[in-house]
Every structure is written in C-alpha cells, then in structure tokens.
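Visitor: Could you take me on a close look at the ligand site in this one? I'd like to hear what surrounds the ligand and how the protein holds on to that spot in space.

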Amino acid sequence: MSDITTIEHVHCLIIGSGPAGYTAAIYASRANVKPVLYQGIQPGGQLTITTEVENYPGYPEGVQGPEMMIDFEKQAKRMGTDIRFGLATKVDFSAKPYKVWIDEEKEIHADSVIIATGASAKWLGLESEQRLNGYGVSACAVCDGFFFRGKEVAIVGAGDTAAEEALYLSKLCTTVHMIVRRDEMRASKVMQDRVKNTENIKIYWNSETDEILGEKSVEAVRIKNTKTGEKTEVPIKGFFVAIGHQPNSDIFKGFLHMDEAGYIQTIPGSSKTNIEGVFACGDVQDKIYRQAVTAAGSGCMAALDAERFLGGL
Ligand code: NDP
C-alpha cells in the first residue's frame, strides 16, 4: 500500500492569514523563529470581502480591505515568512511535536503552533439557502450588493452587521426588506436609528425566513410572523444573511478548551491555550472586539509567547 503523506518538521507553524496570522508571522520572522504560515481557504481572511477600512491606524485616507491584506502578506514575506497555500484539516495535539495535517496529505510536525483561523459567517440552515447560495443568496452585502442594483432584496439579522449592510444595500437597491426575529434590534442605537430613518428599508419585526423561493435563482422570500403565524411572500432578487459569525475552531475540538460557541479560550493577558506551545489569536479566540487592529495586536502577542516558549525548549 502506498503512503502519499509527506512529513515535515517546523519550528513554528502559523495557521491562518488574516491580520492576526500575518502579524504573528512578521514578529516571529523578525525573532528568527522561521515560521511557516498556511493561508487557509480564504487567503487574507475576512478583510478580503470588505471594501473600505477607515479605522485601521496608519492609513489616514482609509484603505481597501483586500489591498490592506496584500500589504500584510508582503510585509510578512519581506521578513522571511514561508507563506504557503493550504488548509489545515486535522490536528493531533496529544503529544509533542504537535501534528497538523494540510489538505489531508501533508503532515507537519511543529514545536509550536499559532492558531489564527478567524471566524466565518453563520447561515440560517435552510435547504433553499444552501441551494441558492451564489444564485442570489449571499452573506456579504458589500461583496455582492452590486449585482442587485435597482432591484429588491431582503436581509436577515438585526445586529450592527445587518444594520450596516442594510444601509449599504439601501443605496443600491429599490427596497431592502429587513427580517428581524424579535421586536427589537441588537444593533447599536445609532445604527438602529439610521436603519429606521431610511425610507426604502422595510422592517419585518417578530419575523423569520420561512423559505427562500426560486428554482435557479432567488425569486422571492416567504416571511413568517412568529406572533401571528401569518406568511407573506415578497418578490426579491437577492437574499442576504447577516446573523453573526462562528469561530473556525472545529479541527481543534477535543484538544483545546473552548466556550460554548466554539471560541478558543486563552489565558487572560496572553495567547496561551491549555496546551503548552499552542497559541491562539484573532477572531477564533475573540468574540468581543473582533477588529482588524485587535486581531493584529493579539497576533503580535502570540508570536512573542511562541518565541519565549521556543527559547525555553
Ligand atoms: P451579532 O451577534 O451582534 O448579531 C447577530 C444578529 O443576528 C442578532 O440580531 C440576532 O438576533 C440575529 N440572528 C442570529 N441568529 C439568527 C437566526 N438564526 N435567525 C434570525 N436572526 C438571527 O452579530 P454582528 O455580526 O451583527 O456583530 C458582531 C459584532 O461586531 C458585534 O459586537 C457588533 O457590535 C460588531 N460590529 C460593529 C460594527 C460597527 O461598529 N461599525 C459593524 C459590524 C459589527 P437576536 O438579536 O435576536 O439574537
């Protein structure tokens, strides 16, 4: 029987290529830890699906998210990081060196691991949502709103993301039907006010998405009022899901301590997990701040923690 698995030993393995992963890479490279970074399925992470970033210090005029992540990557490369395309699919942290499988065929043995796998958009879980994904269903208004210019769309969610995306869509689309499951919104007061004062955003309170309708592409949404049971069919072309994110931590389950939502728990004031030599940074361990700049800051912490750990080996 042939075994195609290749094994490689690395000093410091970084998993993920958002602000946390690249910042960890920059610091670890400068500390001569010779990190190897695997980018995952979305090189650059969530910022590659945003447009303008105005709150990252150092860019007085703002910067496009994808452009900023190219800058991060270039800087990590210039410092000497070995950046590779590939997805970590399995780990075994039960013994040292820690094992991480890439694309199920390459086995990395690492003295230390920095986890920076981020978070991904949540979905409602409807069959129609999955079937029509990419055919009118999207989890990123900023990426896909353009395709629905002059058309009617719906958005589900009531947090700051949903509010921000509804406002964005209201500038492109004729009407935005906003589906809110309770009788109030979670979004900050200022965002709520903006949404409520926008004429072409129609809010459906106490409502859930019963079904997204359409054969080949989205044609309508059936909205159910959970108080009255009444169902309304609204013709739309685009359906946006903005109900939050979940951490990309599945492959670490059973090894690392996590909260009930799957966020990796780190020792306060550090990036240390419950396993010595395994560190976590960025959105995979932060459900509170979730900003590019906080992710970058925690990536720096992880690299410094890893450097100290490796120095003590
Ligand atoms: P949130 O978790 O804050 O909000 C998720 C929203 O989706 C809630 O309204 C929730 O409803 C709703 N929801 C969840 N699951 C379902 C479901 N199955 N069906 C229908 N509705 C559902 O996520 P966000 O992504 O909006 O925000 C995350 C964090 O990022 C927050 O801290 C937010 O403040 C921050 N943020 C800040 C921005 C800014 O300051 N400019 C911009 C964007 C985000 P319910 O309220 O009933 O639970």
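Guide: Here is a walk around the ligand, from the pocket to the single contacts and then out to the domains. Keep in mind that this is a predicted model.

Let's start with the space itself: the ligand occupies the second largest pocket. Around the ligand there are 15 residues, and those that come nearest are Asp160, Thr161, Glu164, Arg182 and Arg186. By type, the shell splits into six charged, four polar and five nonpolar residues. If you're wondering which element contributes most, look at helix α5, residues 160–170, which gives three residues to the shell.

Now for the polar contacts. In Asp160, an N or O atom of the side chain sits 2.6 Å from an oxygen atom of the ligand. Glu164 puts a polar side-chain atom 2.9 Å from a ligand nitrogen. With Arg186, the partner is a ligand oxygen, and the distance to a polar side-chain atom of this arginine is 2.5 Å. As for cover, the ligand on its own would expose 910 Å², and 69% of that is buried by the protein.

Stepping back, the domain assignment gives two stretches, 6–120 and 245–311, to domain 1, while domain 2 runs over 123–241. Helix α5, at residues 160–170, therefore falls within the 123–241 range of domain 2, given the bounds of the assignment. Taken over C-alpha atoms, the centres of domain 1 and domain 2 are 32 Å apart.

Key: Residues are numbered from 1 along each chain as its sequence is written. This is a predicted model: local features need pLDDT of at least 70, side-chain atom pairs count only at pLDDT 80 or more; totals for chains, interfaces and linings use all residues. Side-chain values use heavy atoms; hydrogens and water are left out. A residue is near a molecule or strand if one of its heavy atoms lies within 4 Å of it. A polar contact is a pair of N or O atoms within 3.5 Å; within protein, one must be able to donate a hydrogen and the other to accept it, and residues adjacent in sequence count only if both atoms are side-chain atoms. Accessible areas come from the Shrake-Rupley method with a 1.4 Å probe; for residues, only the protein chains shown count as cover. On a 1 Å grid over the protein atoms alone, a cavity is a set of points where a 1.4 Å probe fits but cannot get out, and a pocket is an open set with protein on both sides within 12 Å along at least five of seven lines; lining residues have an atom within 4 Å of a point. A molecule sits in a cavity or pocket if more than half of its atoms lie within 2 Å of its grid points. Helices (H or I, at least four residues) and strands (E, at least two) are DSSP runs, numbered from the N terminus. Ala, Val, Leu, Ile, Met, Phe, Trp, Tyr, Cys and Pro count as nonpolar, Asp, Glu, Lys and Arg as charged, and the others, Gly among them, as polar.
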